[in-house]
Amino acid sequence: MIVVTVVALMSFLGVLTETSMNTTFPTLMKDFQVSLTAVQWVTSGYLLCAALVMLTSAFMKRRFTNRTLFTWAAALFIAGDLLCATATIFPQLLVGRLVQAGCVGFCTPLMVNIIMDVVPRSKLGTYLGLANVIILIAPALGPTFGGAITAFASWRMIFWLTLPLAVILLICGQFLIKQYTATSRYAFDWARFALLAAALTSLIIGLTALGDGNWLLFGGLMVVLVASAIGFAKLSKTSTRALFSLTVFHQPAFLFSFLPYILLQFANVGINFLLPNYVQGVFAASSFVGGLVLLPGSIFNGLGQPLYGWLLDRFGGKVPLYTGAALFTLALGAMAGWGPRLGVVGMTLAYLVFAIGRSMAFSNSVAYGLKKMPKTLQSDANALYNTGQQVSGAMGTTVLALLMTSISRPGWHQAQIISAGSALAFGLLTASGVVIWWLFVKLLHAKTDY
């Protein structure tokens with residue numbers, strides 16, 4: 001677990017800076033004179049770049065050593081830290097965040113792949129839960145950390161304070177990280193990767209264009225999305241180069257765990273963006289209070305992981321998956337129906353219930369899916385789980401930012417606009433909870449193929 005801890009801590013720093021930035025949006029908009037649509041790319045762009053790196057993780061596992069992948073991850077984080085901390089214009093800050101995304105892109109799949117190499121299938125849920133504690137503590141600390149830094153110092157300190165920790169982890173990794181499986185030379189499938197990158201980028205930028213009311217750009221990008229997807233599907237039938245195996249989609253255990261997994265991440269990243277801005281816009285709270293709203297729920301989100309994983313190993317999927325989906329849906333329904341009347345305290349409690357349910361279902365959907373798949377396909381499934389997680393997170397931020405300001409009437413002030421738009425966003429997420437429940441029913445009845 002020492003090796004996993006080092007890798008997870010590196011990923012932790014990536015997630016910490018990501019979630020810290022969510023509470024800085026109002027300050028960044030003021031400092032750089034940019035719109036909310038532009039500034040949300042600090043998160044959306046980060047998640048998109050992380051997703052593109054994660055697409056390659058199945059190939060990377062077979063081609064490069066664990067230590068090499070970790071070194072790349074740490075180097076990208078350090079370079080991104082320096083770019084962001086010294087940014088005087090918004091494009092420099094954005095480039096720094098895109099570079100830094102490589103850290104999570106490499107480290108998160110690396111952590112899971114190491115666990116799958118050394119942990120027996122019967123204990124997979126428990127060990128994935130233990131490893132996720134470190135990564136999921138970051139969302140607990142991130143908003144509070146970012147809010148406090150922004151309120152009492154400067155958002156730049158988010159990057160200066162994490163820089164020395166990244167350097168220490170880089171040095172430790174050179175001595176501690178080992179190799180557990182053989183590597184081989186493979187020809188990377190650049191053509192299929194480029195088509196997937198074009199499709200994912202078109203999707204995220206297209207949603208942003210839709211938010212800006214640019215229907216022409218949105219339509220053009222959707223054409224690129226469809227053409228790239230078709231090209232990828234055709235090329236996959238004949239390609240002999242390495243990326244990941246599409247046969248994993250023939251596994252019901254993968255399909256019905258992957259879909260709820262990305263819906264849960266869509267909701268999680270979206271609401272982590274939405275709530276801090278909601279309480280600042282509707283209740284006139286400070287950025288510090290905006291971060292504190294997420295703290296109790298995020299602590300349970302992280303610290304509960306070993307328990308949730310043990311529940312899966314001990315009782316099977318029904319207890320954690322059904323309970324998690326129910327808590328997730330009920331909390332979002334309360335936010336949708338009574339948001340403005342809940343106040344800061346009520347929203348904090350609702351998010352606590354949401355976070356417990358989401359965390360219980362989220363990590364266990366992957367663990368359950370991996371348990372039910374052949375070992376030969378686990379690294380390919382891991383690549384797609386992680387890629388889907390990042391893309392759906394980027395979509396969550398973009399879509400909820402769009403909905404947040406989508407409803408307006410003459411004479412309404414900003415708080416009314418945010419309140420009405422957020423109610424629509426909460427309603428969409430509540431509906432997704434019902435879909436997730438149905439997908440879990442299908443997952444628990446899926447045939448085991450190993």
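Q: Why is Asp 313 called partly exposed?
A: Asp 313 has 23% relative accessibility. Partly exposed covers the range between under 20% (buried) and over 50% (exposed), so Asp 313 counts as partly exposed. Keep in mind that this is a predicted model.

Q: What makes Asp 313 and Lys 371 a salt bridge?
A: Their side chains meet at 2.9 Å, N to O. The cut-off is a Lys or Arg side-chain nitrogen within 4 Å of an Asp or Glu carboxyl oxygen, so the pair qualifies. Asp 313 sits in helix H15 (residues 305-315) and Lys 371 in helix H16 (residues 318-371), so the bridge ties together parts 58 residues apart in sequence.

Q: Why is Lys 371 buried or exposed?
A: Lys 371 comes out at a relative accessible area of 13%. Buried means under 20%, so Lys 371 is buried.

Q: What makes Arg 62 and Asp 380 a salt bridge?
A: The closest N and O atoms of Arg 62 and Asp 380 are 3.1 Å apart, and the limit is within 4 Å, so the label fits. This pair links distant parts of the chain, with Arg 62 in helix H5 (residues 57-63) and Asp 380 in helix H17, 318 residues apart.

Q: How do you know which class of exposure Arg 62 falls in, and which one Asp 380 falls in?
A: Just hold each value against the cut-offs of 20% and 50%. Arg 62 has a relative accessible area of 27%, so it is partly exposed. Asp 380 has 3% relative accessibility, so it counts as buried.

Q: How do you know that Asp 189 forms a salt bridge with Arg 192?
A: Their closest N and O atoms are 2.6 Å apart. That meets the within 4 Å rule, so Asp 189 and Arg 192 count as a salt bridge. Both Asp 189 and Arg 192 are buried. The structure holds three salt bridges.

Q: Why is Ile 2 called exposed?
A: Ile 2 has a relative accessible area of 58%, and exposed means over 50%, so the word applies. Ile 2 lies in helix H1 (residues 2-22) and belongs to a nonpolar surface patch with Val 167, Ile 171, Phe 175 and Leu 176. Together they have about 480 Å² of accessible area, and helix H9 (residues 157-176) gives the most, with four residues.

Q: What makes Gln 33 exposed?
A: Its relative accessible area is 66%, over the 50% line, so Gln 33 is exposed. Gln 33 lies in the loop between helix H2 (25-32) and helix H3 (36-39), and has a positive phi of about 55° although it is not a glycine.

Note on methods:
Residues are numbered from 1 along each chain as its sequence is written. This is a predicted model: local features need pLDDT of at least 70, side-chain atom pairs count only at pLDDT 80 or more; totals for chains, interfaces and linings use all residues. Side-chain values use heavy atoms; hydrogens and water are left out. Patches are made of residues with over 30% relative accessible area and no salt bridge: like charges are joined within 9 Å, nonpolar side chains (Val, Leu, Ile, Met, Phe, Trp, Tyr) within 5 Å. Accessible areas come from the Shrake-Rupley method with a 1.4 Å probe; for residues, only the protein chains shown count as cover. Helices (H or I, at least four residues) and strands (E, at least two) are DSSP runs, numbered from the N terminus. Buried means under 20% relative accessible area, exposed over 50%, partly exposed in between (1.4 Å probe, protein chains only).
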